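I opened this entry to look up salt bridges, strand pairing and backbone oddities. My notes follow in the order I took them.

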Amino acid sequence: MNRTGLIATKIGNSSFHMSNGSATHVTILKIDECIVSKVKTTEKDGYNAIQLASIDTNKDIKKINKPQRKNFSSINIKPKKILKEFRVDSENLLELGTALNANHFKIDQFIDASSISIGKGFAGVMKRHNFGGLRASHGVSISHRSHGSTGQNQDPGRVFKGKKMAGRMGAKKVTKQNLKILDVDEKHNILVVKGSVPGKKNSIIIIKDSIKKNK
């Protein structure tokens, strides 16, 4: 069954000590109360979905675009910075104005996390695609980190699209699947997730139930 996910902010990385005494690396995610700002149904919109609004903005309600202003004024909340829609099943539709917090997820549950990865700028093939490079011996000069030949002979006489070459690295949407929740702090609305989560510090993270693990 599909249910709504949550909008989180990446606080940073830390260590977490397990009950058996071992330590593992974790990512700390902060949930800033997600409010149901819109509900879509099959009868009215053709599909079932929930729109969540999260993270306060300092903008006045009068400076918000009119189509979005209605979302906030109808449920009498301050304007939010992030609006995200989640497809859900009909039995998982929520009422307008419902508030969701960190307790939406449970300890030992698996989630999928999506965000924009850290941008690395223009990178060579050894960094971008893990190429081995050329021999760094006499006669190779300064080209030992190059990618080598990229094309074929006279036929086809061109470089195929998608060839692994140097270029911009990172700054793309990345989803990491099957991340385990090790702890849930309901008082401070914090999730402790095992492993790394895409994005830099203070990035917006979209978290959902894992699609590959049991719900």
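I count a salt bridge when a side-chain nitrogen of Lys or Arg lies within 4 Å of a carboxyl oxygen of Asp or Glu. The model is predicted.

**Entry 1: salt bridges.** I searched the whole structure and got 3 salt bridges. I took them one by one.

I looked at K40 and E85. Their closest N and O atoms are 3.0 Å apart, and the two form a salt bridge. K40 sits in strand β3 (residues 34–40) and E85 in strand β5 (residues 80–87), so this pair ties together parts 45 residues apart in sequence. I then checked exposure. K40 has a relative accessible area of 17% and is buried, because the cut-off for buried is under 20%. E85 comes out at 29% and counts as partly exposed.

Next I looked at D209 and R3. This is a salt bridge too, with 2.6 Å between the closest N and O atoms. D209 belongs to strand β12, whereas R3 is in the segment before β1, so the pair ties together parts that are 206 residues apart in sequence. Buried or exposed, what is D209? I read 12% relative accessibility, so D209 counts as buried. For R3 I noted a relative accessible area of 27%, which means partly exposed.

Then came D108 and K180. Their side chains meet in a salt bridge at 3.8 Å, N to O. D108 is in the loop between β6 (99–100) and β7, and K180 is in strand β10, so the pair ties together parts 72 residues apart in sequence. D108 shows 47% relative accessibility and counts as partly exposed. K180 is partly exposed as well, with a relative accessible area of 29%.

**Entry 2: the partners of β12.** D209 had led me to strand β12, and I wanted its neighbours. Which strands pair with β12? I found β1 (residues 6–17), which pairs with β12 (residues 204–209) in the antiparallel sense over 4 bridges. I picked out one facing position there: T9 stands opposite I204. I also found β7 (residues 110–116), again antiparallel to β12 and again over 4 bridges. On that side I noted that S114 has I206 as its bridge partner.

**Entry 3: positive phi.** I checked for positive phi in residues other than glycine. N178 has phi near 60°. Where is N178? I placed N178 in strand β10 (residues 173–185). K180 of the D108 salt bridge is in strand β10 too. N178 counts as partly exposed, at 29% relative accessibility.

N202 also has a positive phi, near 70°. I found N202 in the loop between β11 (190–194) and β12. At 54% relative accessibility, N202 counts as exposed, because exposed begins over 50%.

**Entry 4: a cis peptide.** I looked at omega from D155 to P156. That peptide bond is cis, with omega near 10°. Where does P156 lie? I traced P156 to the loop between α3 (125–128) and β9 (167–169).

**Entry 5: recap.** I keep coming back to β12. This strand pairs with β1 and with β7. Strand β12 also holds D209, the salt-bridge partner of R3. The loop with N202 lies between β11 and β12.

Key: Residues numbered from 1 in each chain as written. Predicted model: local features only at pLDDT ≥ 70, side-chain atom pairs only at ≥ 80, totals over all residues. Heavy atoms only, no water. Pairing = 2+ DSSP bridges. Helix = DSSP H or I, 4+ residues; strand = E, 2+ residues; numbered from the N terminus. Buried < 20%, exposed > 50% of the residue type's maximum accessible area, 1.4 Å probe, protein only.
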